[in-house]
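Grab a pencil and work through these exercises with the structure open beside you. Try each task before you read its solution.

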Amino acid sequence: MNNLHAAKVEALKASVQGAVILPGDEGYENARKVWNATIDKHPALIVRCATTADVVGSVNFAKDNGLVLAVRGGGHNIAGSAICDDGIVVDLSQMKAASIDAGARRGTVEGGATLADFDAATQAHGLAVPLGINSTTGVAGLTLGGGFGWLSRKFGMTIDSLESAEVVTAAGDVLRTSASEHPDLFWALRGGSGNFGVVTRFEFRLHPVGPEVLSGLIVYPLSEARTVLERYRDFMDKAPDDLAVWVVLRKAPPLPFLPEKVHGQGMIALALCYAGDPAQGQPLIEPLRKFGTLWGEHVGVQPYTAWQQAFDPLLAPGARNYWKSHNFSSLQDGLFDAVIAFAQTLPSPQCEIFFGAIGGATTRPAPDSAAYAHRDARFVMNVHGRWSDPADDNRCIGWARDFFKASAPFASGGVYVNFLTADEGDRVKAAYGQNYERLAQIKRQYDPNNLFCTNQNIKPA
Ligand SMILES: Cc1cc2nc3c(=O)[nH]c(=O)nc-3n(C[C@H](O)[C@H](O)[C@H](O)COP(=O)(O)OP(=O)(O)OC[C@H]3O[C@@H](n4cnc5c(N)ncnc54)[C@H](O)[C@@H]3O)c2cc1C
């Protein structure tokens, strides 16, 4: 049991309401898996917390036994930071309860909920908070890094709607944080990425959305990528905040609305979501259908929750993944050259390059209004290397790194902390940007011994 005294573990088991899972226990192998199959770590124990008190008990247990501590929300982080070798995993995946006050447009959700859990709760009232594009992602990790998705151009980053958070600190205290309660800690949580404690409950301001939205995909051949990208750039310069259009370059999956003969061929797709009245969105999206020779489209009015799950099949857990990412404040011609060259040499049918359009409301707060600093970012690019066979690791990782280098001259220099892989320690300061020093000061106050270190780590000042 990795030097852990059996009696201490028995005492922990007796004191928590949730399950304590040890190596060899049924369920251990599943409990140590995360979304990215390249991560293969073996914790000494996993505590499936049921309550905030369980989290406090687990944090104290880690300190008392000198254990490395990892915190698991949705387990999606590409760097595998939800899990550790030989230490303790504070697993919040059973703490998913949400409650909505529709009249006040406020919603609270526990720290282990997925986007699907919270979207279902908020949409029951025609409300939503901006969250990401894959419904099995954890609300916690996404929010703590900033968080963006289809609604962000209209309503801002996820953190811009955060009203308060309940946190278990390294000292084992349970603090309520907000603009008026421990404001420095609340500031740090909004972009500081898991460095400051275990968030057991988030409270968000909610916005009226849907419940049906105009959304879908418009697909063109990769051979027309340059024209499509140029028109896309012009279009997004004038697009209203209600409309988000993202670009994806990859091999065409066998989608029913695409002719069979193009399946597996290079494509450039526009993915769109209009967050306002669908009738008003219809004429606005019309130009997107005229960017080139249409291969097919699947656009319509559908439940927002269905659109939030539309990409789940392409992003299912269990594949091997490696990411590289840049922020952009503009899309330059030289970038398009690199994008097109690398989209023509995709090393696997699952690899893709995507541009998420943020901008709009995400750019309006001051860069120091919360820990998330990248208010200049209008596009977040993710080079998504994805494959199945470990024998392809070097080839797929090499492709992602080469494209990352080729596109770097056109990037803003900032990077979204939630898209960093485990080998990008040299980019941590770029991820926290101008706010790094203040974050390091707050880290010294709340976590002087760096208990929360399995993340894109901020060293205590
Ligand atoms: C397929 C896919 C699609 C994505 N799409 C988007 C997107 O559209 N928009 C976007 O913004 N991001 C997106 N992301 C990135 C996502 O935001 C990050 O991977 C995020 O870290 C996931 O959070 P999690 O809770 O699932 O992850 P975990 O791996 O569980 O945790 C991530 C980090 O947060 C910490 N953490 C988790 N829960 C807590 C908690 N309760 N308290 C304190 N710390 C905690 C962990 O210790 C870890 O360091 C996507 C990721 C994937 C894999």
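## Exercise 1: A glycine in a loop

G147 sits in the loop that links α5 and α6 (152-155). Keep in mind as you work that this is a predicted model.

**Task.** Decide whether G147 is buried or exposed, and find which residues it is in contact with beyond its neighbours within four places in sequence.

**Solution.**
- Step 1: Count the C-beta neighbours of G147 inside 10 Å, which gives 29.
- Step 2: Compare with the cut-off, since a residue is buried if 20 or more other C-beta atoms lie within 10 Å of its own. G147 therefore counts as buried.
- Step 3: Leave aside the neighbours within four places in sequence, and the contacts of G147 are P130, L131, G132, L142, M157, T158 and I159.
- Step 4: Try one distance as well: G147 and S412 are 265 residues apart in sequence, and their C-alpha atoms are 19 Å apart in space.

## Exercise 2: Two residues in one loop

**Task.** Look at the loop between α7 and β10, where G191 lies, and work out whether G191 is buried or exposed. Then do the same for S193.

**Solution.**
- Step 1: G191 has 28 other C-beta atoms within 10 Å, so it is buried.
- Step 2: Apart from neighbours within four places in sequence, G191 is in contact with G145, G146, I159, A370, A371, Y372 and A373.
- Step 3: From G191 to C453 the sequence separation is 262 residues, while the C-alpha to C-alpha distance is 15 Å.
- Step 4: S193 is placed in the loop between α7 (183-189) and β10. With 28 other C-beta atoms within 10 Å, S193 is buried.
- Step 5: Check the backbone of S193 too: its phi is near 55 degrees, a positive value in a residue other than glycine.

## Exercise 3: More backbone details

**Task.** Find the phi angle of D86, and describe the peptide bond from G210 to P211.

**Solution.**
- Step 1: D86 is not a glycine, yet its phi is positive, at about 70 degrees.
- Step 2: Place D86 in the loop between β3 and β4 (88-91).
- Step 3: D86 has 14 other C-beta atoms within 10 Å, so it is partly exposed.
- Step 4: Move on to G210 and P211: the peptide bond between them is cis, with omega near 10 degrees. P211 belongs to the loop between β11 (207-208) and β12 (212-221).

## Exercise 4: Around the ligand

**Task.** Which residues are closest to the ligand, and why does the ligand lie between domain 1 and domain 2?

**Solution.**
- Step 1: The ligand is surrounded by 34 residues, and the closest are G73, G74, G132, G138 and G141.
- Step 2: Sort by element: β3 (69-72), α5 (139-145) and β10 (198-205) are the ones that give two or more residues to this shell. The largest share, five residues, is from α5.
- Step 3: Sort by type, and the shell has 14 nonpolar residues, 19 polar and one charged.
- Step 4: Both domain 1 (7-91) and domain 2 (98-209) contribute residues to the shell, so the ligand lies between them.

## Exercise 5: Domains in contact

**Task.** How many residues does each of domain 1 and domain 2 give to the contact?

**Solution.**
- Step 1: Mark the division into domain 1 (7-91), domain 2 (98-209) and domain 3 (212-419).
- Step 2: The C-alpha centres of domain 1 and domain 2 are 22 Å apart.
- Step 3: Domain 1 gives 12 residues to the contact and domain 2 gives 15 residues.
- Step 4: On the side of domain 1, helix α3 (residues 52-64) gives the most, with five residues. That side has five nonpolar residues, seven polar and no charged.

## Exercise 6: The core and the whole

**Task.** Which residues have the most contacts inside the largest nonpolar core, and how compact is the protein?

**Solution.**
- Step 1: The largest nonpolar core has 150 residues, and I88, V90, V245 and L272 have the most contacts inside it. Strand β14 (residues 266-274) supplies the largest share of this core, eight residues.
- Step 2: Zoom in on V245, which beyond its neighbours within four places in sequence is in contact with F235, M236, A239, L270, L272, L288 and A357.
- Step 3: Zoom out: the protein has 14 helices and 18 strands. Its radius of gyration is 22 Å, close to the 23 Å of the globule rule for 461 residues, so it is as compact as a globular protein of that length.
- Step 4: Finally, buried residues make up 54% of the 461 residues.

How values were computed. Residues are numbered from 1 along each chain as its sequence is written. This is a predicted model: local features need pLDDT of at least 70, side-chain atom pairs count only at pLDDT 80 or more; totals for chains, interfaces and linings use all residues. A residue is near a molecule or strand if its C-beta atom, placed from the backbone, lies within 6 Å of it. Helices (H or I, at least four residues) and strands (E, at least two) are DSSP runs, numbered from the N terminus. Ala, Val, Leu, Ile, Met, Phe, Trp, Tyr, Cys and Pro count as nonpolar, Asp, Glu, Lys and Arg as charged, and the others, Gly among them, as polar. Domain bounds come from an automatic or database domain assignment. Two residues are in contact if their C-beta atoms, placed from the backbone, lie within 7 Å. A nonpolar core is a set of buried Ala, Val, Leu, Ile, Met, Phe, Trp, Tyr and Cys residues joined through C-beta atoms within 7 Å. A residue is buried if 20 or more other C-beta atoms lie within 10 Å of its own, exposed if 12 or fewer, and partly exposed in between; C-beta atoms are placed from the backbone. The radius of gyration is taken over C-alpha atoms; the globule rule is 2.2 Å times the number of residues to the power 0.38.
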